[in-house]
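Q: Please take a close look at one loop of this model and describe its backbone and its exposure. I would then like that description set in the context of other parts of the chain.

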Amino acid sequence: MEVTLKRIRNASNLIDSNFLDLYTALLKGEQLDAPQQRDTLMFAVLFLRADDPLIQRLGYRVVLHYSLLTGDYVPLRDISIMKDFHPIVEVIETIAPLLRDEGSFGQTLLEADRENFRTDDGEGNIITRTRGQMELREFNERMIESAIVAPTSYGKSEMMLDKVANAAFSRTCIVVPTKALIAQTRLSLVRDSRMRARKLPIITHHDGYTGQPSFVAVVTQERLHRLLSVNPQLDFDCLLIDEAQGLLGDDDRSIDLSRAILRVRYRNPELSIAYYTPFISDARKLRHVLDFDNDVKAANVDEHMKSERLIVGMLGDGATIYDQFLGRAIKLTGSLPKDLVQAIEQISRQNTLVYVNKPKHAQELALRLSANRPFIQDIELIERAIESISELVDPRYALVESMRTGVLFHHGKLPDSLRSYVEHVFRQLESPTILVTTSTLLEGVNTPCDRLIVLSPKRGRANLRQSQFRNLIGRVARFSQIFKPGAPRLDLLTPEIHLIPGTEYAPRNWSVVNFLGKVADLSKELVDDVSNPLLEAADDAEQMERELEILGNIEPGIVTVDEDRLAQTVIGQACFQHGVHDFDIVSFEVVLQERLDERNGMPALDVVDGVMELIFQLFLKGAPLDDDSELKRLQDNEIARKFYSMILSWRAGNESLKRMIAGFLDYWSQHEDSPIYVGTAWGEETNGEGWKKAWVQMGPKSATERVNLAVVKVKEEQDFLDNNLMKYVDMLFELGLISDRLQLKIKYGTTNPSVICLLRNGVSPDLAHLVMDEYVSHISLNLQKGEVKVRESLVAAMRADEKNDVLIYEASTLVNSS
């Protein structure tokens, strides 16, 4: 009789079997006597011989827990040899050298075979890989059009590097979902010996392209759109899409990514393209309309070295293991404290991630945890970090307070200059460390941890989907930790994920077992929810036509668009090219053009004070804005426009983060008796008849509370400028309504071409100005080509001068020349 999960789960089939008792004992970590050990291995062999891949995975899980529990690594070594899990075999032979049969033909053959699974990681390190990894790497290098589906740690980032470094592409573009991943990907490229040998320029900003015949672009979809629009003749040889699961949704960023892919494909029909994603059930769901992806072939790794333990704990009560194979909860001994902080401390290990849904919750919880912990022992690193963050931000910033005790937080509202530095500090600390994080972790950020605590089932307003949850838990116990040379951790092959309901960070009605039944039960097939109208699988003809109409206006010739739906005016065409989504452009362009014509002959604006009013008068006044447009706050609110005029003036004046924080504090001090709009993420009360809690009263807020709110508001408003307003500023410049000098000031905070060159190459404003003022001898600038060479000596000189550690770390990630 065939063994299946359905049959194993059937209670009647377990009556005359001791499997459930043995399996429960394994999961609980209870010691087994000799007969129990024998029976456990018999079940494992039965399962491993089954035809059902899930039952085979169950057999491996049994062997894995057995070997870790008993210290008998013979079964795990044998299964790992059979499955070509060579990294596990290497570690076992290190910790149990007697298992090596030195001099035997079998051992010699095994070691010879293992050589076929060793590769150079590009930085001179030899890495032993699994068969699945090797097959993916071979597929990745061989295929012209491909989709790579592999869990976290399977080397997708390295495969992208291989694609760039080993192929003779002149122009390659890597599209990543966030600016933080631009920096992470760029760092991987500049550290790769093959890339250093090729000496290809790396572009990270759409203004960084100055006509170079060969280069690598690492950009978000928004920057790629702008790069294509400004350079209508530019095409690419190779396009790599990181975190490609982001294509599936119907939000603006998903559709923008599809538009960018279709534009690049249209310009070069011979394009080599590869999609990389940790979880998707059917890679054909990534196929776009217009038949552009029909030749894409998919490779999906089907090996599972890790087997997570999903533990559900109620505060003040006991805990259970939810087993993703049996689909049942198994009671554990012991209990959690009633207090959440104490419970997290009890669960935490060396590097612990705590997942919450909101940035506000991440900061609140980090401070709660910090209040009950002693100062950590990594004094030098922490003191440097505290001093540096205090200098760049404010000594009262919550991160300064929490990190003294080894508690950090990480979310999308963290200032850009700090996000990668926080990840760096988390990796470097030797004391037990907790990182409280939001869904930014799902966007490809590589942060090693050995335990995850989940306090919310949400991502935004919706529950985490199957793929998102599996992506989240897959980020615990990375292979680099498990197989770390000199300090391997085989116990991390069964990493613990703890889910704690009943706290203020989760919905009151969160039923964790029901939630896990939807997202973790392995008997349920992974389902891809495809709603992007530019993907074939969405099957929404009406919405697809609307999106193709927009695409046809952005990229002339890519599709046929009815004449009456093509932009006929200069300003209408500019709106399409700059990615305006706030209103129906074609129906409003005549009004826009009439307003533009009225300004014919007027001198270009040269002061920042009038820019916001000009944007309003030309574009927003009377515009049929979409209900969800972020610009609605400006349309009928003169106070809001004056506020953003102030924000623009800060940008144009190159105000530092610290000065902008002080500016918010001063602004709020002038409005202490009025509710201040801060958005729903940070709001505490409604205003008037509205139902959204998007306002706060500043009067009762302490100085520290105001500082922490000011930090996130600076980040939010800078993002609003970049994502919503800068496209209008750029159009004003292209239409001749503002001067070149003013456009540069607003965009870069300076007119200095050397500083602008640094900024276009991904250098932060603070570091760019410091380098030009004090360390210009440690860099080489080619203003004509827009290229920057950063020498290793820059980092050494900054350290010798005891400069800000945040800036020193940033400089270390930019080094691309000896």
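A: Helices here are DSSP runs of H or I with at least four residues, and they are numbered from the N terminus. The model is a predicted one. In these terms, the loop in question joins α34 (793–800) to α35 (805–814), and E802 lies within it. The phi of E802 is positive, near 55°, although the residue is not a glycine. Most residues other than glycine have a negative phi. As for its surroundings, E802 counts as exposed because its relative accessibility is 72%, and the cut-off for that class is over 50%.

A second loop offers a parallel case. N654 lies between α28 (638–652) and α29 (657–669), and this non-glycine residue also has a positive phi, about 55°. With a relative accessible area of 26%, N654 is partly exposed.

A residue within a helix provides a contrast in exposure. S370 belongs to helix α16 (residues 359–370) and, at 7% relative accessibility, is classed as buried, the limit being under 20%. Leaving aside residues up to four places away in sequence, S370 touches E401, S402, T405 and V407.

Helix packing can be followed in another part of the chain. The axes of α9 (residues 131–142) and α10 (residues 156–166) come within 10 Å of each other and cross at roughly 35°, in a right-handed crossing. From α9, the residues in contact are L136, R137, N140 and E141; they meet E158, M159, D162, K163 and N166 of α10. Sorted by class, this contact has five charged, two polar and two nonpolar residues.

Finally, there is the sheet. Seven strands form an open sheet with parallel pairing, in the order β5-β6-β4-β7-β8-β3-β9. Its edges are β5 (202–203) and β9 (297–300), each of which pairs on one side only. Within this order, β7 (residues 238–241) runs parallel to β8 (residues 272–277) and is joined to it by four bridges; C238 stands opposite S272 of β8. Helix α11 (residues 179–191) lies across three strands, namely β4 (171–175), β5 and β6 (215–219), and runs at about 155° to β6.

To return to the loop requested, E802 combines a positive phi in a residue other than glycine with an exposed position.

Methods. Residues are numbered from 1 along each chain as its sequence is written. This is a predicted model: local features need pLDDT of at least 70, side-chain atom pairs count only at pLDDT 80 or more; totals for chains, interfaces and linings use all residues. Side-chain values use heavy atoms; hydrogens and water are left out. Two strands pair if DSSP finds at least two bridges between them. Helices (H or I, at least four residues) and strands (E, at least two) are DSSP runs, numbered from the N terminus. Contact means heavy atoms within 4.5 Å. Axes are lines fitted to C-alpha atoms, for helices over the stretch in contact, and angles run from 0 to 180 degrees between N-to-C directions. A crossing is left-handed if the near helix is turned anticlockwise from the far one by less than a right angle, and right-handed if clockwise. Ala, Val, Leu, Ile, Met, Phe, Trp, Tyr, Cys and Pro count as nonpolar, Asp, Glu, Lys and Arg as charged, and the others, Gly among them, as polar. Buried means under 20% relative accessible area, exposed over 50%, partly exposed in between (1.4 Å probe, protein chains only).
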